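Here's a set of exercises to work through with the model open beside you. Try each task first, then follow the solution step by step.

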Amino acid sequence: MDLQNKDILPREILPVVVIGNGPSGICLSYLLSGYTPYLSPEGTHPNPLLQGKLDQQPHLSLLELDLEYLCEGLEGRSSNPVAVLFDSLLLPDSDFGLDHASPLLWRYEPERATPHLVLGKGPPGGAWHAMEGSMLTLSLANWMELPGLKLKEWMREKRRNVRNDRATPAEIASYYQHYVNQMGLEDSFACGTTVTSIQRVNCEGASGRPFWKVQGTQKREADELGEGSLSEVPFIVCADYVVLATGTHDIPARLGVEGEGLPFVCHSFWELEAAISRGQLDHTSDPVLVVGAGLTAADAVLAAHHLNTPVYHAFRRSVTDPGLIFNQLPKLLYPEYHKVHQMMTQQQQHGQDIPSSGGTGTPVDQQENNTASMSTGSYPGYVSLPKHRVVAFKPDRKCVLEGEDGRRTVLQVSMALVLIGAHPNLSFLPENGRPLGLNPQEPITCRRNPLEVDPYTYELVSEGGLYAMGPLVGENFVRFLKGGALAIASDLAKKQRAKEENRTTLRVS
Ligand SMILES: Cc1cc2nc3c(=O)[nH]c(=O)nc-3n(C[C@H](O)[C@H](O)[C@H](O)COP(=O)(O)OP(=O)(O)OC[C@H]3O[C@@H](n4cnc5c(N)ncnc54)[C@H](O)[C@@H]3O)c2cc1C
Ligand SMILES: *[C@@H]1O[C@H](CO)[C@@H](O)[C@H](O)[C@H]1NC(C)=O
């Protein structure tokens, strides 16, 4: 959709602009479009305490109830209370594998809708469109669903035999796109838009209220030329409130070592896929070095191993480290990741064991195309290097690693894949959003330094009128980021009610 066709007058101020059109932005758009959750008359919740609280005012919607009161005493796998509350209302007891029906009833009440605009670079679905790499999602499929459209039913329609409860990222991405159309949200979505700056504008004088000026560019077909070519058109939209829902997958994390910018050193899974599809990798290639022990790194190991391309796999932690994602995933549900963990455990080589062509006892062991010596163990062609860090990449495709004992190893590779996570790109905020983080001295990251928000409204603590949700506030799973949408929609509804009451009082007096 073109922003130009939306008839936004430059002076018009929209109530809400959402930046980011992944699951976070979509879920919030659903709630802002008038879809309203109530306790269903026959609905029961397995938690009697919560049920009792909901029964006190059954005529009110969840958006009108006191979320803090409802959250009291609830416990779950997220540290955000509203996330636990909403998850428990949408999928009660799902941690125990139970399929308890949700006690919520969704009513479409368009008169409650808040006009809003969701901006996003690609099609609705966010990071899920960029994840072709991983074969199956990490979560059970229903944890990825958004309110009002059962993912399982939609998947059953799409493919004849659903083998298990997990789905591929492509299926999830397509579900999100379908969801936007099915729920009639598409008029609020302006895709192909990149926000480049947001600014608080404080109006002078009594009548003017402060607002946000959101600037960016939109990719549009240059139809005047009739060539179908794309051009970037600048746009400006103004809003009372802005919601940051841009996720954290925009900038691949870097090691910060010498030679990291060399062309054979890559930082994304798709560069491996591109090399594979160009036919650059097979069983005769020099080994691929995969750095990292997250799921993307695991996917890269599997993809290369599948082609019989030899793999060196280096990571900082030990294989038994409880922080390792593989030690947190149930084996039965994630057989392929369990296999990678098994490979990492069984094929461990320490610096001194790596077959070297340059004598023993030297501080630097040389490994040159010595792939024949990798053909040992149950997974020939794969070598696991736990507790190793990369020291440098050299122009002749050599990688220098250092083990825990300080011993260095040089590996000859065809390509190196550094897959150690990603950072959000908040370049549209002053100082990349740093002043808004828990620790204003550090860059924003999902795990260690998320944006600091009020736990019941998701409004930024240091910037009123600005909200954030999803991985930006430390909520990396779709299952729990829905709570942010509830908190924000509920706070915006509260502000709207306050404004209306204010108006009536003025009229009466
Ligand atoms: C390999 C992998 C596997 C995963 N598996 C799971 C899983 O099994 N279960 C699960 O729950 N989660 C999983 N996740 C996490 C999941 O990606 C996130 O939970 C979810 O996508 C976050 O949603 P979001 O809408 O907040 O952000 P995103 O999905 O990241 O979407 C944000 C969108 O905002 C856009 N954007 C960014 N900056 C701008 C800008 N300046 N202007 C306009 N648009 C912008 C981005 O392009 C993006 O499209 C996985 C992640 C990865 C990488
Ligand atoms: C962050 O996003 C902006 C706008 O899309 C882009 O110009 C910039 O290159 C990005 N920064 C990084 C480090 O990727």
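Start with the small ligand shell: the residues around ligand 2 split into one nonpolar, four polar and no charged residues. The classes are Ala, Val, Leu, Ile, Met, Phe, Trp, Tyr, Cys and Pro as nonpolar, Asp, Glu, Lys and Arg as charged, and the others, Gly among them, as polar.

A word on the ground rules: this is a predicted model, where local features need pLDDT of at least 70, side-chain atom pairs count only at pLDDT 80 or more, and totals for chains, interfaces and linings use all residues. Residues are numbered from 1 along each chain as its sequence is written, while chains are lettered from A and ligands numbered from 1 in the order in which they are written.

**Exercise 1. Name the residues around ligand 2, then describe the shell around ligand 1.**

Step 1. A residue belongs to a shell if its C-beta atom, placed from the backbone, lies within 6 Å of the molecule. For ligand 2 that gives T194, T196, I251, N425 and S427.

Step 2. Ligand 1 is surrounded by 39 residues, and the closest are G22, G126, L138, G247 and G470. The elements that supply two or more residues to this shell are α1 (23–32), β4 (116–120), β6 (193–201), α8 (295–306) and α10 (478–508). Helices (H or I, at least four residues) and strands (E, at least two) are DSSP runs, numbered from the N terminus.

Step 3. Sort the ligand 1 shell by class and you get 16 nonpolar, 20 polar and three charged residues.

**Exercise 2. Check the length of α8 and work out its surroundings.**

Step 1. The expected span is 1.5 Å times one less than the number of residues. With twelve residues, α8 should span 16 Å, and its end C-alpha atoms are 16 Å apart, so the two agree.

Step 2. Now burial: a residue is buried if 20 or more other C-beta atoms lie within 10 Å of its own, exposed if 12 or fewer, and partly exposed in between, with C-beta atoms placed from the backbone. Ten of the twelve residues of α8 are buried, so the helix is largely enclosed by the rest of the structure. Among them are L295, D299, V301 and H305.

Step 3. Look at what those buried residues pack against: α7 (269–277), β11 (288–291), β12 (311–314), α9 (335–346), β14 (382–385) and β18 (415–418). After the helix comes N308, with a positive phi near 60 degrees.

**Exercise 3. Is C446 buried or exposed, and what does C446 touch?**

Step 1. Find C446 in the loop between β19 (422–423) and β20 (466–468).

Step 2. C446 is buried because 21 other C-beta atoms lie within 10 Å.

Step 3. Two residues are in contact if their C-beta atoms, placed from the backbone, lie within 7 Å. Setting aside neighbours within four places in sequence, C446 contacts T248, P471, G474 and N476. C446 and V473 sit 27 residues apart in sequence, yet their C-alpha atoms are 6.6 Å apart in space.

**Exercise 4. Do the same for I276.**

Step 1. I276 is in helix α7. I276 is partly exposed, with 16 other C-beta atoms within 10 Å.

Step 2. Not counting residues up to four places away in sequence, I276 touches L281, A303 and L307. I276 and L307 are 31 residues apart in sequence and 8.6 Å apart in space, C-alpha to C-alpha.

**Exercise 5. Trace the strand pairing.**

Step 1. Strands of a sheet pair through backbone hydrogen bonds, either parallel or antiparallel. Here, two strands count as paired if DSSP finds at least two bridges between them.

Step 2. For the parallel case, follow the open sheet of five strands in the order β10-β18-β11-β12-β14. Its edge strands are β10 (265–266) and β14, each pairing on one side only. Within this sheet, β11 and β18 run parallel and are joined by four bridges, with V291 opposite V418.

Step 3. For the antiparallel case, take β16 (residues 398–402) and β17 (residues 408–412), which pair over five bridges. L401 stands opposite T409. Five residues lie between the strands of this hairpin, where G406 takes a positive phi near 85 degrees.
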